[in-house]
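Me: I have a structure open and would like to talk through some of its details. Could we begin with a single residue and work outwards?

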Amino acid sequence: MVKHMAKSIFSITTDVKKYTKQMNRVNKELLPKAIGNTMNRACNASHSRSIRNIKSDLILRNQYTERSMILWKSKYKPGRSIDRISATTGSKSPYLPLQETGGVVRAKKSKIPVPTLAGRRGKWRKPIPPSLRMNRMGAIGTEGSKFFFMKSPGGKKGIFYRKSKKKIVKVRDISRRSYRIKATRWHSEAVKKFGNKRIMGQLFVQEAKRQLAKVS
């Protein structure tokens with residue numbers, strides 16, 4: 001008995017040059033873009049969250065604190081190593097780092113001139129008026145100055161000024177050499193929420209799919 005066996009021949013044609021070009025584009029352009037976009041999205045979300053945190057955790061008396069926030073996005077440059085791709089969010093404020101970590105504020109000279117409620121015009125959320133700022137008071141206690149040092153009935157030393165013949169107002173407390181700031185974690189909380197491995201992984205998959213869709 002003779003059996004006949006059929007033979008199937010498969011032919012695969014590959015355009016090596018085209019494939020190589022596509023892979024080079026993925027490695028040199030599309031992958032860095034996906035990574036950069038991923039970092040930008042996570043950084044932008046952390047930036048917005050940080051601003052929300054400082055608005056809810058701190059007393060903002062003007063726009064100075066919010067304007068101190070910085071956001072530097074990653075910018076794609078052909079040929080740049082993926083190790084150099086970065087995005088930054090934070091603040092250039094000199095006092096926000098201490099609000100983040102908590103700590104002790106110490107007097108630069110002898111005492112810390114802490115504004116009183118009267119020095120903030122009756123409300124803690126109000127900014128100090130220009131006329132009551134330390135750099136506007138001049139030589140306190142000298143002839144011609146409306147400001148002078150005195151101890152209040154409680155024994156705490158302060159800076160006062162005479163509002164009328166019968167009334168003097170304490171605008172600064174100068175009884176302490178230091179005071180403690182409670183940590184708010186306004187920045188680290190935001191970074192932890194959006195810069196973690198799970199969120200970054202999800203964002204990268206989304207961005208990688210978008211970039212790979214461009215391969216043709």
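Me: Is Tyr95 buried, partly exposed or exposed?
Reply: The model is a predicted one. In it, Tyr95 has a relative accessibility of 33%. Residues between 20% and 50% are classed as partly exposed, so Tyr95 counts as partly exposed.

Me: How many aromatic pairs are there?
Reply: The count is three aromatic pairs. In one of them, the ring centres of Tyr64 and Tyr95 are 6.4 Å apart, with the planes at 20°.

Me: Why is that pair of Tyr64 and Tyr95 called stacked?
Reply: Planes under 30 degrees apart count as stacked. The planes of Tyr64 and Tyr95 are at 20°, so this pair is stacked.

Me: Which parts does the pair tie together?
Reply: Tyr64 belongs to helix α2 (residues 64-67), while Tyr95 is in the loop between β2 (88-91) and α3 (96-101). The pair therefore ties together parts that are 31 residues apart in sequence.

Me: And what is the relative accessibility of Tyr64?
Reply: The value for Tyr64 is 45%, so Tyr64 counts as partly exposed.

Me: New topic: charges over rings. What lies over the face of Tyr161?
Reply: Lys146 does, at 5.7 Å from the ring centre of Tyr161. In addition, the charged end of Lys193 sits over the ring of Phe194, at 5.8 Å from the centre of that ring.

Me: Which residues form the nonpolar patch on the surface?
Reply: The patch is formed by Ile59, Leu117 and Trp124, which together have about 290 Å² of accessible area. Leu117 is found in the loop between β4 (114-115) and β5 (147-151). With 37% relative accessibility, Leu117 counts as partly exposed.

Me: What about Gln211: buried or exposed?
Reply: Gln211 has 5% relative accessibility and therefore counts as buried. The residue lies in helix α5 (residues 197-212).

Me: What is Gln211 in contact with, leaving aside neighbours within four places in sequence?
Reply: With those neighbours left aside, the contacts of Gln211 are Leu30, Lys33, Ala34 and Asn37.

Me: Now the whole protein. How many helices and strands does it have?
Reply: The protein has five helices and eight strands. Along the sequence, they follow the pattern α-α-β-β-α-β-β-β-β-β-β-α-α.

Me: How much of the protein is made up of buried residues?
Reply: Buried residues account for 30% of the 216 residues. The protein exposes about 15900 Å², and carbon and sulfur atoms supply 54% of that area.

Terms used
Residues are numbered from 1 along each chain as its sequence is written. This is a predicted model: local features need pLDDT of at least 70, side-chain atom pairs count only at pLDDT 80 or more; totals for chains, interfaces and linings use all residues. Side-chain values use heavy atoms; hydrogens and water are left out. Rings of Phe, Tyr and Trp (its six-membered ring) pair if their centres lie within 6.5 Å; planes under 30 degrees apart count as stacked, over 60 as edge-to-face and the rest as tilted. Helices (H or I, at least four residues) and strands (E, at least two) are DSSP runs, numbered from the N terminus. Buried means under 20% relative accessible area, exposed over 50%, partly exposed in between (1.4 Å probe, protein chains only). A charge sits over a ring if NZ of Lys or CZ of Arg is within 6 Å of the ring centre and within 35 degrees of the ring normal. Accessible areas come from the Shrake-Rupley method with a 1.4 Å probe; for residues, only the protein chains shown count as cover. Patches are made of residues with over 30% relative accessible area and no salt bridge: like charges are joined within 9 Å, nonpolar side chains (Val, Leu, Ile, Met, Phe, Trp, Tyr) within 5 Å. A salt bridge is a side-chain nitrogen of Lys or Arg within 4 Å of a carboxyl oxygen of Asp or Glu. Contact means heavy atoms within 4.5 Å.
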